[in-house]
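Welcome! Let us take a short walk through this structure together, one feature at a time.

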Amino acid sequence: EFNETIDFDLLIKKLFNSKLTIFIITSIFAISSIIIALSIDDLYTSDMIVEEVNVESENIGNSGFGSIGALTGFTFSGQQEKTKTVIAKEVITTRDFFDELLKDDTFIIELLAIDSFDSKSGNLRYNQEAYDIKNGQLKPAFLESLSYNDIHQTFLNSISWTELESGSTKIAVTHLSPYIAKDWLDKIFITLNDSVKNISVDKANKSLDYLNDQLVKSNAAELTKLISALIEKEIKTLMLAEVSEYFVFSIVDSSRVPEEKSYPHRAMICIIITIVGFIFACFASLVRQNNTFSLRKEH
């Protein structure tokens with residue numbers, strides 16, 4: 001049985017005897033933490049809160065298609081119809097969506113070529129190895145050193161998506177420049193609405209083609225009524241896409257240019273590194289004293 005206990009008085013005495021060593025090591029960690037914290041560039045996060053735009057319709061999605069399948073012999077597969085929020089969350093991470101953003105030539109420059117932002121002057125500093133200031137373009141050699149997946153991942157790392165308890169969604173963009181963070185967020189919001197709208201319109205048109213074809217062929221009153229209800233649902237989707245400014249999301253809280261940085265938390269970085277340094281110094285001092293004591297016993 002393990003009955004050995006820690007002698008705290010002896011432990012404190014050993015640490016006190018090594019107070020100078022502990023102080024020096026902890027001070028080195030503390031100074032290093034300040035240097036590290038100051039070397040990290042400020043990042044700014046702009047966010048907006050949005051909620052899904054819904055159109056009131058009968059709950060006839062999958063049950064309706066299932067009934068048509070039973071009556072016509074055509075099999076429909078799939079689970080419950082995805083909400084616009086789910087579709088938008090999937091779309092925002094796709095390469096097709098990223099390609100839409102890349103159509104703006106300044107976007108990839110802002111993504112890859114900016115080194116820092118001067119909060120006092122509002123000026124950007126560009127990476128000279130990546131950006132040709134004279135021509136206003138990224139250097140071909142720099143672009144060739146990166147794969148498409150690397151560039152896409154850099155973009156994905158700058159955005160975040162949070163579903164709130166209220167049912168709304170918070171979309172946020174983080175960048176070295178607070179102005180670019182807001183500009184990107186607005187651009188992403190508009191592009192996301194357009195992308196999901198195009199997907200939904202295309203799906204609705206294909207559904208209408210099929211349903212109208214089935215309506216012509218149908219002789220059963222029950223089936224005709226069901227198909228008409230499904231057609232009405234798809235027409236509502238097309239009408240919303242045509243007349244509504246926002247197809248996927250409406251804005252609850254609009255984007256702002258962030259006034260304060262979101263990262264790094266320099267004080268916290270310094271505190272954590274200093275505490276780690278103190279613990280390391282104490283541990284190293286105890287190990288050194290034990291080794292010294294063992295060597296003395298051997299002699």
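A good place to begin is Phe117, whose bridge partner in strand E3 is Leu124. Please keep in mind along the way that this is a predicted model. The pair belongs to a wider pattern: strand E2, residues 114-117, and strand E3, residues 124-126, run antiparallel and are joined by three bridges. Together, E2 and E3 make a hairpin, with six residues between the two strands. If you follow the chain through that turn, you will meet Gly122, which has a positive phi of about 80°.

Next, let us turn to a pocket. The second largest pocket has a volume of about 310 Å³. Its lining is made up of 15 residues, and those closest to the centre are Leu111, Thr154, Ser158, Thr174 and His175. Which elements supply at least two residues each to this lining? They are helix H6 (105-112), helix H8 (148-157) and strand E7 (169-175). H6 gives the most, with three residues. As for the chemical character of the lining of the second largest pocket, nine residues are nonpolar, five are polar and one is charged.

Our last stop is on the surface. Here Leu20, Phe23, Ile24 and Ile28 form a nonpolar patch. Taken together, these four residues have about 430 Å² of accessible area. To find the patch in the view in front of you, look for helix H2, which spans residues 19-39 and contains Ile28.

Key: Residues are numbered from 1 along each chain as its sequence is written. This is a predicted model: local features need pLDDT of at least 70, side-chain atom pairs count only at pLDDT 80 or more; totals for chains, interfaces and linings use all residues. Side-chain values use heavy atoms; hydrogens and water are left out. Two strands pair if DSSP finds at least two bridges between them. Helices (H or I, at least four residues) and strands (E, at least two) are DSSP runs, numbered from the N terminus. On a 1 Å grid over the protein atoms alone, a cavity is a set of points where a 1.4 Å probe fits but cannot get out, and a pocket is an open set with protein on both sides within 12 Å along at least five of seven lines; lining residues have an atom within 4 Å of a point. Grid points are joined across faces, edges and corners, and a volume is the space filled by probe spheres set on the points. Ala, Val, Leu, Ile, Met, Phe, Trp, Tyr, Cys and Pro count as nonpolar, Asp, Glu, Lys and Arg as charged, and the others, Gly among them, as polar. Patches are made of residues with over 30% relative accessible area and no salt bridge: like charges are joined within 9 Å, nonpolar side chains (Val, Leu, Ile, Met, Phe, Trp, Tyr) within 5 Å. Accessible areas come from the Shrake-Rupley method with a 1.4 Å probe; for residues, only the protein chains shown count as cover. A salt bridge is a side-chain nitrogen of Lys or Arg within 4 Å of a carboxyl oxygen of Asp or Glu.
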